[in-house]
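Ready to get to know a new structure? Work through the exercises below at your own pace, and try each task before reading its solution.

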Amino acid sequence: MKAIVRQGLIAPAIVIIVAAIAWAAAGSTAALIVMTIGAAAIIDIVSAENPPVHLFIGSDAFRLANEKRDAMGKELENWKVLSIGTDF
């Protein structure tokens, strides 16, 4: 718990847990499972020895981040000569 408070992520973890409980009360078992997994992921992240600065949760977020990274890499290479041409 100290790691969660130290990282400033106690509020997001609590929000996810509370939302999971509310959705479960409304009869959405699938939502409860998803929200519980999300809360567990946040706890794992802040408990890690070297937590990531950026973490994309969900397959769609992971895919979009990879696409963005690839696009940025191509752009860097396309403008490499101009970019490094400004060195002294």
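The exercises below concern a predicted model, and each task is followed by a solution in steps.

**Exercise 1. Describe the fold of the protein chain in terms of its helices and strands.**

Step 1: Start by counting elements. The protein chain has five helices and zero strands.

Step 2: Now read them in order. Going from the N terminus, the pattern is α-α-α-α-α.

Step 3: Look at the contacts with a separation of 6 or more. In the protein chain, 42% of these link residues 24 or more positions apart.

**Exercise 2. Find what share of the protein chain is buried, and what its exposed area is made of.**

Step 1: The protein chain has 88 residues, and 15% of them count as buried.

Step 2: Turn to the surface. About 7,100 Å² of the protein chain is exposed, with carbon and sulfur atoms supplying 68% of that area.

**Exercise 3. Work out where the predictor's confidence is lowest and highest among the elements.**

Step 1: Take the overall score. The mean pLDDT of the protein chain is 78, and 66% of the residues score at least 70.

Step 2: Compare the elements. Helix 1 (residues 2-6) has the lowest mean pLDDT, 48, while helix 4 has the highest, 95.

Step 3: Check the start of the chain. Over residues 1-5 the pLDDT stays under 50, and the model has eight contacts beyond four places in sequence for this stretch.

**Exercise 4. Locate the salt bridges and describe the residues that form them.**

Step 1: Recall the idea. Side chains of opposite charge can pair when their charged atoms come close.

Step 2: Count the pairs. There are two salt bridges in the structure.

Step 3: Take one pair. Arg63 and Glu67 form a salt bridge, with their closest N and O atoms 3.1 Å apart. Both sit in helix 4 (residues 59-78), and because they are four residues apart there, about one helical turn separates them.

Step 4: Ask how open this pair is. Glu67 has a relative accessible area of 41%, so it is partly exposed, and Arg63 is partly exposed too, at 43%.

Step 5: Take the pair of Arg69 and Asp70. Their salt bridge has its closest N and O atoms 3.1 Å apart. Arg69 is exposed at 51%, whereas Asp70 is partly exposed at 38%.

**Exercise 5. Decide whether Ile42 is buried or exposed, then do likewise for Asn66.**

Step 1: Place Ile42. This residue belongs to helix 3 (residues 29-47).

Step 2: Apply the cut-off. Buried means under 20% relative accessible area. Ile42 has 11%, so it is buried.

Step 3: Relate sequence to space. Ile42 and Ile57 lie 15 residues apart in sequence, and their C-alpha atoms are 9.6 Å apart.

Step 4: Move on to Asn66, which is part of helix 4. Its relative accessible area is 22%, so Asn66 is partly exposed.

Step 5: Relate sequence to space again. Asn66 and Phe56 are separated by 10 residues in sequence and by 9.8 Å from C-alpha to C-alpha.

**Exercise 6. Find the residue whose backbone oxygen the side chain of Thr86 reaches.**

Step 1: Place Thr86. It lies in the segment after helix 5 (80-84).

Step 2: Check its surroundings. Thr86 counts as exposed, with 57% relative accessibility.

Step 3: Follow the side chain. The side chain of Thr86 reaches the backbone oxygen of Ser83 at a distance of 2.9 Å.

How values were computed
Residues numbered from 1 in each chain as written. Predicted model: local features only at pLDDT ≥ 70, side-chain atom pairs only at ≥ 80, totals over all residues. Heavy atoms only, no water. Helix = DSSP H or I, 4+ residues; strand = E, 2+ residues; numbered from the N terminus. Buried < 20%, exposed > 50% of the residue type's maximum accessible area, 1.4 Å probe, protein only. Contact = heavy atoms within 4.5 Å. Areas by Shrake-Rupley, 256 points an atom, 1.4 Å probe, with all protein chains shown as cover. Salt bridge = Lys/Arg side-chain N within 4 Å of Asp/Glu carboxyl O. pLDDT = per-residue confidence, 0-100. Polar contact = N/O pair within 3.5 Å; in protein donor to acceptor, adjacent residues only side chain to side chain.
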